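This briefing addresses two regions of the structure shown below. A strand hairpin is taken up before a helix and its surroundings.

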Amino acid sequence: MNIEVAKNSGFCFGVKRAVDKTYSLIEKYRGTQRRIFTYGPLIHNETVVKELEKEGVFSVEKLEEVPAGSVVLIRSHGVPFDVYRKSEELGIILEDATCPFVEKIHKIVEEESEKGQDVIIVGSETHPEVIGIRGWCKRKVFVVKDKNDLQNLIKEGKIINGDHSVVAQTTIKIKDFEEVVESLSERGVKVNSFCTVCNATRERQDSCKETAEKSDMMLVIGSRTSSNTMKLYEIAGKNCKKTYLIETIEDLPLNEVEKCGTIGIAAGASAPECIIKEVIATMSEFITENGLEQNEMLAYMEDIEKALRLPGRGEIVTGEIIAVSEKEIVVNLGCKKDGIIPKDEVSLEPGQKLSDVFKAGEQIEAKVVKTKDDDGNILLSKKKLEVNEHWNEVNEALDNKTVVNAKVTGKVKGGVIATFKEVSGFIPLSQLSDKFTEEVDEFIGKTIPVKVIQTNPKRNRAVFSHRAVLMEEKAKKTEAFWNSIEVDDIVDGVVKRFTDYGAFVDIGGVDGLLHISEISWGKIKKPQDVLELEQQVKVKILSMNKEKGKISLGLKQTMPEPWENIESKYQVGDIIEGKVVQLKDYGAFIEIEPGLDGLVHISEIAYKRVANPANEIEIGQTVNAKILDIDTEKKRISLSIKETLEKPVAEEAPVEEVPTEE
Ligand code: SF4
């Protein structure tokens with residue numbers, strides 16, 4: 001005989017959370033005078049409620065029934081906002097076990113009504129969850145069961161055209177919600193719809209149907225007062241003729257058991273695991289007594305035993321994500337308690353939400369931090385698990401000399417603190433930049449590439465170097481640069497500094513020397529006469545020595561040589577304007593253009609006899625001169641200043657008186 005338990009049977013995550021929290025509170029307040037109450041029955045299950053009563057936990061319908069100083073637990077259905085306010089007035093300690101899915105609906109209706117939207121809740125008006133949701137709306141709110149109910153309201157003129165936000169009670173059928181939204185849209189009502197139906201209900205119903213279809217007998221465990229149990233009973237009944245509702249062991253149809261090949265079991269959201277176990281154990285006993293095959297059943301019992309075992313602190317566990325909220329991830333660990341990973345136990349990028357990274361249904365691995373948090377859940381940490389992986393990555397980066405990205409989070413004496421994932425590291429000032437710096441503020445908040453230069457996982461410390469990365473990048477660039485240049489290449493450069501003998505030009509990470517004699521075809525006294533700092537220039541590589549890291553550059557070589565095509569520029573007889581650049585005993589040199597000087601012989605300075613050129617002209621003076629000769633071979637130009645002057649008229653010699661013969 002086979003026994004098959006439908007998936008997702010028993011407590012849903014919200015109910016499990018509330019029950020666990022209640023038992024946690026019992027432990028917390030045991031031995032104190034404080035009394036514990038639940039706001040309404042914790043779950044629709046008599047056995048559980050009675051168990052709680054044995055522990056002194058009773059259900060109340062109103063806060064006024066509770067003595068001041070007592071603890072009141074809000075069950076998974078949630079409560080209206082007023083209850084929180086009132087509990088304060090009455091001096092009551094509220095412990096909140098509202099299911100995060102329900103909490104999300106509270107938030108939606110609160111925000112939507114603050115935006116000016118009227119709210120429509122699709123659900124049952126008298127259901128505690130709906131009463132709670134209603135209490136978070138700040139404007140008009142309507143509750144409709146389905147589209148027919150909606151039509152009635154419309155007929156009564158209660159819902160008129162305009163904007164409405166629509167949410168769903170978590171346990172209704174999605175179809176009902178969709179039909180209401182569709183009807184509203186068809187009527188031209190502008191709808192903001194939020195399908196807040198909980199997957200747990202749908203999944204439970206789907207697996208119940210699936211199990212019922214292949215079973216000869218179906219047992220639905222749960223209370224007659226639980227609407228979701230009754231829904232399962234209805235679904236099972238439609239798919240398996242022999243379906244029984246099992247509220248207590250007495251309801252088990254043991255006589256039928258031996259006639260069935262496969263027995264299916266489904267349990268409502270408020271049926272605890274111990275009741276499922278009891279049902280199976282009773283059947284097992286019956287089977288043993290009657291000598292029937294019970295292997296499958298024993299296997300299932302083993303599964304349950306396994307599920308009852310809780311993981312220990314420090315254990316690495318894997319489970320399925322069942323819910324992701326803004327604050328936490330809830331993980332089904334396959335045991336009787338769920339695991340909770342709070343947001344700050346997960347590494348997220350800035351601005352990232354948990355729901356951006358994690359989705360319900362996915363598998364997740366985490367480390368057990370506490371076997372019982374304040375709500376009785378197993379507290380898990382993804383970060384603590386990741387930290388080992390992160391240290392491995394850091395050590396690997398150290399061994400392989402690879403680069404990791406670290407975020408600078410703050411400054412400390414002598415450097416800054418930077419974190420790579422969950423590993424914290426120190427960057428000494430000397431390792432922060434390739435230049436000396438004491439200004440660390442500009443690094444704070446930035447993510448920079450670093451090399452790991454030391455690790456100490458025991459002290460949770462590493463030493464990083466940003467400088468090492470910069471220096472390596474520089475070296476790589478330099479190497480690539482040397483490989484990319486050749487003598488005679490014309491390259492772009494930037495003038496970086498001057499010396500008496502020239503200028504240093506950065507030609508792509510490497511400085512080359514531009515000697516003063518290589519700057520201009522003409523004569524210059526200092527490099528600054530023609531260049532300025534940060535000036536962009538094109539220079540020619542005249543020579544290079546990679547080993548010594550030396551490069552000689554030429555600037556004038558990138559400009560036409562003045563003697564090139566001289567004939568096309570100047571002809572004998574042309575009058576040019578030039579500057580006197582040098583005076584000699586035998587004449588004066590005139591700069592016709594940079595790098596092209598002509599000589600005015602002393603005899604060509606003036607028509608009169610000139611004893612010293614300096615007596616007639618001075619350095620820097622601009623003069624006109626006539627080209628007398630161009631010797632392209634010897635690269636000489638003869639000029640004449642006097643030829644540009646008016647020739648003086650010769651004075652008539654006085655006539656000597658000739659003495660007479662007298
Ligand atoms: S919302 Fe879903 S998970 Fe939460 S209590 Fe309801 S059925 Fe359970």
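**Hairpin and helix in a predicted model**

Strands E31 and E32 form a hairpin with 4 residues between them, and Lys635 in the turn has a positive phi of about 55°. The model is predicted, and the points below describe the pairing of these strands and then the setting of helix H4.

*Strand pairing*

- E31, which comprises residues 622-631, pairs with E32 (residues 636-640) in the antiparallel sense over 5 bridges.
- Within this pairing, Ile637 of E32 is the bridge partner of Ile630.
- E31 also pairs with strand E28 (residues 575-584), again in the antiparallel sense and over 5 bridges.
- Opposite Lys579 stands Thr622 in E31.

*Helix H4: length and faces*

- Helix H4 covers residues 100-114, and its 15 residues should span 21 Å at 1.5 Å a residue; the end C-alpha atoms lie 21 Å apart, so the expected span and the model agree.
- The buried residues in H4 are Phe101, Val102, Ile105, His106, Val109 and Glu112.
- Because these buried residues cover an arc of only 150° around the axis, they lie on the same side of H4.
- Lys107 and Glu114 are exposed and sit on the face of H4 turned away from the buried side.

*Helix H4: surroundings*

- The buried residues of H4 pack against two helices, H1 (13-29) and H5 (128-134).
- They also pack against strands E6 (118-122), E8 (163-168), E9 (190-194) and E13 (316-324).
- Gly116, just after H4, takes a positive phi of about 100°.

Conventions. Residues are numbered from 1 along each chain as its sequence is written. This is a predicted model: local features need pLDDT of at least 70, side-chain atom pairs count only at pLDDT 80 or more; totals for chains, interfaces and linings use all residues. Two strands pair if DSSP finds at least two bridges between them. The expected span of a helix is 1.5 Å times one less than its number of residues. A residue is buried if 20 or more other C-beta atoms lie within 10 Å of its own, exposed if 12 or fewer, and partly exposed in between; C-beta atoms are placed from the backbone. The arc is that of the directions from the helix axis to the C-beta atoms. Two residues are in contact if their C-beta atoms, placed from the backbone, lie within 7 Å.
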